[in-house]
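Reader: I would like a close look at the charged side-chain pairs in this model, with enough of the overall picture to place them. Please keep it plain.

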Amino acid sequence: MPQVRPVIIIGNLTIDDVIHSDGSSQMGTLGGNSVHAAAGALTWVGDVGVVARCGADFPAAALSRLREAGADTGGIRPVEGPTVRTWVIYEADGTRNWVYRTPRGRGAEVAPWPADIPGGWLDRVPPVVHVAAMPLAAASAIVRSVRARAAATVITLDTHEDWRRGAEVLDAARLVDVFAPSRAELAELTGHDDPQRAAASLLAAGVKCVVVKLGGDGALVAMPGSPPARVPAAHVDVVDPTGAGDSFCGGFAAGLALGEDPAGAAWRGCVTAAAAIGAAGSLRLLDRGGLARDLLAGRPAAGSGVPGSGVPGSGAAGSGVPGSGTAGITATVRASQEGPKPAETDSYDIETMNREIGTIPDVIVGQLADPGGQVRDLAGWLAGRGIEHLYLTGCGDSAFAGLAATLAFRRHSRLSVHAVHALDFARYDVRYLPPASALLAISYSGKVGRTVEAARQATSFGIPVVALTGDVSGQLASAADRILPIDVPTLGFSPGTSTYVGMLCTLIELARRTPRAGSDHAMRDACEQLASQAAKTLDWCNDAAADIAGRLASGRFVTFLGAGPNEATARFGAAKLFEASQQIAVATNVEEWAHEEYFITRPDDPVVVIAPAGAARDRAWEILSELEFIRADATVVSDVEPPGRAAFLRLAAGAPEELSPVLAALPLAQLGFHLARLAGKRSYNFPSEQARDEHYATIHRATLGEPA
């Protein structure tokens with residue numbers, strides 16, 4: 001499964017005085033291609049760094065909004081002399097003219113150079129580096145340096161209006177993974193005002209991929225060995241076209257970082273540019289992520305040349321960006337697109353659960369990327385309201401996700417977080433909340449009655465409500481002040497696995513986005529590793545889980561033990577047995593087992609101990625010793641091989657304890673599937689349609705009680 005790469009934007013910073021064709025003006029605005037491109041990238045991904053130079057007169061507070069949105073501005077370097085200042089004058093036909101208020105050569109003096117890239121930025125997960133328009137000497141030096149320092153980096157290169165046709169341009173273009181000129185600049189560089197012909201000439205000269213920005217006509221994607229693909233523009237009413245091309249490049253870089261092929265990334269770039277030009281200001285995209293997401297989802301039907309819907313001649317969906325001696329970037333192919341589909345007549349087939357488990361690494365990538373900047377925007381909304389206490393509430397998997405996320409908030413967030421079951425919140429807690437409290441009500445379906453009640457009760461007491469839900473028009477969403485949407489592909493009706501992980505990852509991202517002070521690079525870096533760790537864990541545990549399930553199938557009941565955030569994981573594991581194999585299961589605290597369940601645990605009774613690296617693992621090993629003494633059938637879920645004779649479900653190592661519930665849930669989901677498969681069960685195993693309907697009516701009934 002592809003990992004979300006960091007994005008690094010290298011470009012300029014300016015102060016712009018904009019004159020529109022109707023005579024209106026915007027004076028002293030923050031400008032520069034690095035700002036527009038960074039805002040475009042932040043619309044889709046959270047890890048964005050900016051490299052640029054600014055003059056001594058550059059206002060120190062000008063970049064605060066960009067930093068608040070999550071950008072790392074550690075690559076911005078002040079230099080002596082003034083910041084570049086320009087008049088940007090738009091004509092009625094959409095063309096623009098630049099009039100430099102600082103000396104024309106000042107742009108070259110403040111152009112970034114390779115040494116400006118902070119040490120370590122190229123040494124982590126190989127990033128996507130976008131080199132924005134700048135003097136050719138600076139661009140060439142940066143491209144050569146990045147390629148030499150980090151060969152696996154994906155580099156995109158924009159062109160500058162002053163570049164002229166010649167060998168130096170071609171040399172730089174051949175070194176990058178994607179060359180992204182505008183139509184006018186491409187014509188200047190090739191002598192052909194025919195984008196398709198001009199792109200073909202660059203490919204013939206050894207350029208790996210050409211993406212031509214065509215303004216209102218979208219983009220053209222050209223790669224060797226296949227006909228060019230036309231990517232349409234997303235049409236909106238134009239308010240301010242400033243920075244449209246740079247916004248496209250930022251969105252395009254984010255698409256590559258998310259694992260999309262060049263055509264898919266170009267569509268993301270087009271919708272990013274469209275969202276930008278519908279408003280004014282260099283940072284307007286930070287408030288228009290929702291529109292960009294809507295535009296992305298509204299792509300035309302297959303065959304229209306839109307990525308993801310069968311771009312004519314673009315090759316297979318998984319064709320990658322041609323890398324420089326690397327494997328390149330491949331498009332993400334969800335597990336939901338692989339393997340046999342469930343029978344149309346049985347959407348409760350237990351095999352659906354297995355396929356959804358297989359999508360989890362991809363779900364982690366998607367949720368931690370904060371698509372559309374929804375989590376980022378929510379963090380700002382909570383800060384703007386002065387929220388100090390956040391109550392996480394739900395039922396079933398949603399309640400477990402809240403419990404599992406609490407340690408992430410305690411370690412990293414300024415918010416004081418309380419995980420409370422929805423019934424308890426609605427009937428016992430809502431009347432007694434401290435000032436500056438808000439409720440985050442969690443339900444993927446958006447229909448769970450007690451969670452809806454909790455939201456309505458909170459509203460009646462003047463508590464702000466946020467709905468984390470997959471149904472933005474459902475009952476829960478309608479009861480909330482703000483919606484935090486989540487989109488996890490589901491393949492039928494099965495015990496929640498991918499949706500649980502999706503909700504948990506969204507909460508973890510919120511913890512990261514509400515830091516106590518400054519950015520938390522350790523947390524960000526750990527999150528970047530999580531998807532690959534999940535893929536390893538699923539691969540390592542599947543066969544072992546099948547073997548262990550063969551033993552657990554005959555047990556009187558199965559006990560799951562966990563502590564801290566993984567007590568929630570124990571409850572999740574027991575729930576999968578209820579829902580999938582319909583077995584009796586018990587979930588309890590590691591310590592509590594010695595005080596209670598010990599007395600009913602007999603030889604050969606199965607007990608699953610969840611003990612990844614963390615504060616309680618030493619005590620878990622002591623309990624494991626006691627389990628062996630009474631000859632229970634113990635299984636350990638951990639990233640370290642346990643002592644003694646216990647069976648072992650191995651987790652990928654390296655995740656901090658606050659992220660371990662994401663990984664620890666995976667082998668428990670596999671256990672649930674294999675036990676159901678062995679028992680010949682279907683998901684939930686309703687005895688009749690009437691029983692199913694009655695069950696859902698019970699959990700969806702949103703009565704409103706009187707709180708204590």
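Reader: To begin with the surface, how much area does the protein expose, and what share of it do carbon and sulfur atoms supply? After that, please take the salt bridges closely.

Author: The model is a predicted one. The protein exposes about 26400 Å², and carbon and sulfur atoms supply 52% of that area. Of the 708 residues, 57% are buried. The protein holds 24 helices and 23 strands. Its radius of gyration is 27 Å, close to the 27 Å that the globule rule gives for 708 residues, so the protein is as compact as a globular protein of that length. Along the principal axes, the C-alpha trace spans about 85 × 55 × 50 Å. Taking the contacts between residues at least 6 apart in sequence, 73% join residues at least 24 apart.

Now to the salt bridges. Side chains of opposite charge can pair when their charged atoms come close. A search of the whole structure finds 29 salt bridges. One of them joins the side chains of aspartate 17 and arginine 101, with 2.3 Å from N to O. Aspartate 17 belongs to strand 2 (residues 14–19), while arginine 101 sits in the loop between strand 7 (96–100) and helix 3 (106–109), so this pair ties together parts that are 84 residues apart in sequence. The two partners have these accessibilities: aspartate 17 has 0% relative accessibility and counts as buried, whereas arginine 101, with a relative accessible area of 45%, is partly exposed.

Another salt bridge is found within one helix. Glutamate 579 pairs with lysine 576, and their closest N and O atoms are 2.8 Å apart. Both residues lie in helix 20 (residues 565–581), three residues apart, which is about one turn of the helix. An α-helix has 3.6 residues a turn, so residues three or four places apart point the same way. Lysine 576 is at 0% relative accessibility and counts as buried.

A further pair is arginine 692 and aspartate 693, whose side chains meet in a salt bridge of 3.4 Å, N to O. Arginine 692 counts as partly exposed at 24% relative accessibility, and aspartate 693 is also partly exposed, at 42%. Salt bridges also link Asp370, Glu509, Arg512 and Arg513 in a network.

As for covalent links between cysteines, the search of the whole structure finds zero disulfides. Cysteine 270 is in none; the nearest cysteine sulfur, that of cysteine 249, is 11 Å away. Cysteine 270 counts as buried at 6% relative accessibility. For cysteine 541, the closest cysteine sulfur is in cysteine 505, 17 Å away and too far for a bond. Cysteine 541 is buried as well, with a relative accessible area of 0%.

Helix 5 gives an example of packing. In helix 5 (residues 167–175), the buried residues are Val169, Ala172 and Ala173. These cover an arc of only 100 degrees around the axis, which puts them on the same side of helix 5. They pack against helix 4 (136–149), strand 9 (154–158), strand 10 (178–180) and helix 6 (183–190).

Conventions:
Residues numbered from 1 in each chain as written. Predicted model: local features only at pLDDT ≥ 70, side-chain atom pairs only at ≥ 80, totals over all residues. Heavy atoms only, no water. Buried < 20%, exposed > 50% of the residue type's maximum accessible area, 1.4 Å probe, protein only. Helix = DSSP H or I, 4+ residues; strand = E, 2+ residues; numbered from the N terminus. Arc of directions from axis to C-beta. Contact = heavy atoms within 4.5 Å. Salt bridge = Lys/Arg side-chain N within 4 Å of Asp/Glu carboxyl O. Rg over C-alpha atoms; globule rule 2.2 N^0.38 Å. Areas by Shrake-Rupley, 256 points an atom, 1.4 Å probe, with all protein chains shown as cover. Disulfide = S-S within 2.5 Å.
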